[in-house]
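The following exercises are meant to be worked through with the sequence and the structure in view. Each task is followed by its solution.

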Amino acid sequence: MVCYTINKGVGKAVEVKGLRAQYFIYAVAGVVLAFVVFFVLSFIVNQAAAIIVAAVCLISNVSVCFFLNNKYGEKGLVQVYAKRATPNRIAVHKRIYNIIKNNGD
């Protein structure tokens, strides 16, 4: 039986086969989603088409997870989403007099 090391130390992120932290969770969720797609499609269309569609979903999800892992690193993708969520400028629609008057209270 093959034994994989999951965690290399206390306080470090989970790493399995090169996938770190959140990308491993995304890959596992994609595998589960591919199986769900397979079972749903196997009732609707023939089994060969369901296997092909599920395999394409599985391979594309895992390859995207590895690509994002290599491009952004462990916490880089979260930082990209945080940067996108911050506004470019802060607009204040109050008059200056009201800001100064209420500042002392």
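Helices are DSSP runs of H or I with at least four residues, numbered from the N terminus. The model examined here is predicted.

**Exercise 1.** Determine how Y23 and Y26 are placed in helix 1, and classify the geometry of their rings.

*Solution.* Step one concerns position: both Y23 and Y26 belong to helix 1, with a spacing of three residues, about one turn of the helix. Step two concerns the rings. The structure has two aromatic pairs. In the pair of Y23 and Y26, the ring centres are 6.3 Å apart and the planes meet at 80°. Planes over 60 degrees apart count as edge-to-face, so this pair is edge-to-face. Step three concerns accessibility: Y23 is buried because its relative accessibility is 0%, whereas Y26, at 40%, is partly exposed.

**Exercise 2.** Identify the residues of the largest nonpolar core and the helices that supply it.

*Solution.* The core has six residues: L19, Y23, A27, C65, L68 and L77. At least two of them come from helix 1, and at least two from helix 2 (47-72). Next, consider L77: beyond its neighbours within four places in sequence, L77 contacts Q22, Y23, Y26, L68 and Y72.

**Exercise 3.** Is V40 buried, partly exposed or exposed, and to which surface patch does V40 contribute?

*Solution.* V40 is located in helix 1, which spans residues 22-44. Its relative accessibility is 46%, so V40 counts as partly exposed. V40 joins V28, V32, L33, V36, F43, I44 and V45 in a nonpolar surface patch of about 780 Å².

Notes:
Residues numbered from 1 in each chain as written. Predicted model: local features only at pLDDT ≥ 70, side-chain atom pairs only at ≥ 80, totals over all residues. Heavy atoms only, no water. Patch = residues over 30% accessible without salt bridge, like charges linked within 9 Å, V, L, I, M, F, W, Y side chains within 5 Å. Areas by Shrake-Rupley, 256 points an atom, 1.4 Å probe, with all protein chains shown as cover. Salt bridge = Lys/Arg side-chain N within 4 Å of Asp/Glu carboxyl O. Buried < 20%, exposed > 50% of the residue type's maximum accessible area, 1.4 Å probe, protein only. Phe/Tyr/Trp six-rings, centres within 6.5 Å; stacked < 30°, edge-to-face > 60°. Core = buried A, V, L, I, M, F, W, Y, C linked by side-chain atoms within 4.5 Å. Contact = heavy atoms within 4.5 Å.
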